[in-house]
Amino acid sequence: MSDNKRRIIIGITGASGVIMGCRLLEVMKEFPHVETHLVMTNSALITLRSETDIPIDRLLSLADFTYDIDDFTAAIASGSFITDGMIVLPCSMKTLAGIANGFSDNLLLRAADVCLKEGRTLVLSPREAPLSLIHLKNLLACKEAGAAIIPPMLTFYQEADTAEDQITAHLGTVLRQFGLKPKGYKPWK
Ligand SMILES: Cc1cc2nc3c(=O)[nH]c(=O)nc-3n(C[C@H](O)[C@H](O)[C@H](O)COP(=O)(O)O)c2cc1C
């Protein structure tokens with residue numbers, strides 16, 4: 001690891017709410033001692049285009065390191081590459097199923113699998129409604145394997161009046177898992 005830098009892997013999937021992953025990368029700039037390692041699924045590129053006008057180049061430029069979804073030779077595919085863990089935001093039900101079943105057929109899934117096998121922090125932020133029995137069983141399997149399950153939940157006690165405020169509140173909850181407190185996050189007094 002370079003100097004005293006920490007490393008967090010950020011996975012963005014094709015669930016709705018790709019803007020939350022974008023905001024996470026922006027917020028991570030508040031923590032220059034933490035390297036961000038970004039991997040996006042092919043479906044995430046589709047939701048990025050569907051739901052935002054953010055150019056992909058702009059999104060990629062927010063991360064310190066980016067990886068091709070099919071590149072299994074990437075550093076984050078190996079447990080010997082030391083990281084603090086990984087955040088999957090938003091996490092689709094397909095990616096959830098892959099993680100729950102150890103089916104690592106892309107780099108994002110492999111990186112999450114590595115976090116679980118190495119006992120590192122893995123935060124999944126699943127986005128779907130309503131949840132089927134299969135989704136719930138997969139969430140339970142991931143929780144039992146050590147992941148933190150943090151869906152984007154509406155917040156009513158943090159003066160979160162706008163969608164932007166709601167995202168900030170969610171990112172605060174996610175980053176708390178890594179001991180990081182973003183500006184604008186208002187924890188309960
Ligand atoms: C605009 C749009 C929104 C979607 N929203 C969701 C969602 O909220 N949750 C989900 O599980 N899948 C959602 N999907 C479907 C996923 O993109 C699809 O299942 C895809 O195969 C996920 O692949 P990935 O996990 O490799 O990103 C959405 C698709 C589109 C086009």
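Which residues does Lys 181 touch, not counting residues up to four places away in sequence? Keep that for the last stop. The model in your viewer is predicted.

**Whole chain**

Start with everything shown. The C-alpha trace spans about 45 × 45 × 35 Å along its principal axes. A compact globule of 189 residues would have a radius of gyration near 16 Å, and the chain has 15 Å, so the two agree. Colour by burial next: 38% of the 189 residues are buried. Now turn on contacts between residues at least 6 apart in sequence. Of these, 77% join residues at least 24 apart.

Switch to cartoon. You should find seven helices and six strands. Followed along the sequence, they give the pattern β-α-β-α-α-β-β-α-α-β-α-β-α.

**The sheet**

Select the strands. Six of them form an open sheet, with parallel pairing. Reading across, the order is E3-E2-E1-E4-E5-E6. Go to the edges, where strand E3 (65-67) and strand E6 (148-149) stand. Each has a single partner strand, so one side of each is left without a neighbour in the sheet.

**E1 and E2**

Select residues 6-12 for E1 and 34-40 for E2. Seven bridges pair these two strands in the parallel sense. Zoom in on Gly 11: opposite stands Val 39 of E2. Step to Ile 12, whose bridge partner in E2 is Met 40. Then check the cover over E1. Six of its seven residues are buried.

**Helix H1**

Select residues 18-27, helix H1. Its buried residues are Val 18, Met 20, Gly 21, Leu 24, Leu 25 and Val 27. What do the buried residues of H1 pack against? Among strands, the partners are E1 (6-12), E2 (34-40) and E4 (85-91). Among helices, they are H2 (42-51) and H7 (163-176). Show these elements together with H1 to see the packing.

**E4, E5 and E6**

Move across to strand E5, residues 121-126. Five of its six residues are buried, so E5 is largely enclosed by the rest of the structure. Now look at its partners. E4 and E5 run parallel and are joined by five bridges. Pick Cys 91; its bridge partner in E5 is Pro 126. On to E6: two bridges pair E5 with E6, again in the parallel sense. Val 123 is one residue to pick here, with Ala 148 of E6 as its bridge partner.

**Two cis peptide bonds**

Most peptide bonds are trans. Where are the two stops that depart from this? Select Leu 89 and Pro 90, which are joined by a cis peptide bond with omega of about -10°. Pro 90 lies in strand E4. Then select Ala 129 and Pro 130. The peptide bond from Ala 129 to Pro 130 is cis, with omega near -10°. Pro 130 sits in the loop between E5 and helix H6 (133-145).

**H4 against H5**

Two packed helices are described by the angle between their axes and the distance between the axes. Select residues 93-100 for H4 and 107-117 for H5. How do the axes of H4 and H5 cross? They come within 9 Å and cross at roughly 45°. H4 and H5 are therefore oblique to each other. The crossing of H4 past H5 is right-handed. To see the contact, show Thr 95, Gly 98 and Ile 99 on H4. On H5, show Leu 108, Leu 109, Ala 112 and Asp 113.

**Last stop: Lys 181**

Select Lys 181, in the segment after H7. Is Lys 181 buried or partly exposed? Lys 181 has 14 other C-beta atoms within 10 Å. A residue needs 20 or more to be buried, and 12 or fewer to be exposed. Lys 181 is therefore partly exposed.

Now the opening question. Leaving out residues up to four places away in sequence, Lys 181 touches Gly 172 and Leu 175. Finish with a distance label from Lys 181 to Phe 31. These two residues are 150 apart along the chain, and their C-alpha atoms are separated by 9.3 Å.

Note on methods: Residues numbered from 1 in each chain as written. Predicted model: local features only at pLDDT ≥ 70, side-chain atom pairs only at ≥ 80, totals over all residues. Helix = DSSP H or I, 4+ residues; strand = E, 2+ residues; numbered from the N terminus. Contact = placed C-beta atoms within 7 Å. Rg over C-alpha atoms; globule rule 2.2 N^0.38 Å. Pairing = 2+ DSSP bridges. Axes fitted to C-alpha atoms, helices over the stretch in contact; angles between N-to-C directions. Parallel < 35°, antiparallel > 145°, perpendicular 65-115°, else oblique. Left-handed = near helix turned anticlockwise from the far one by under 90°.
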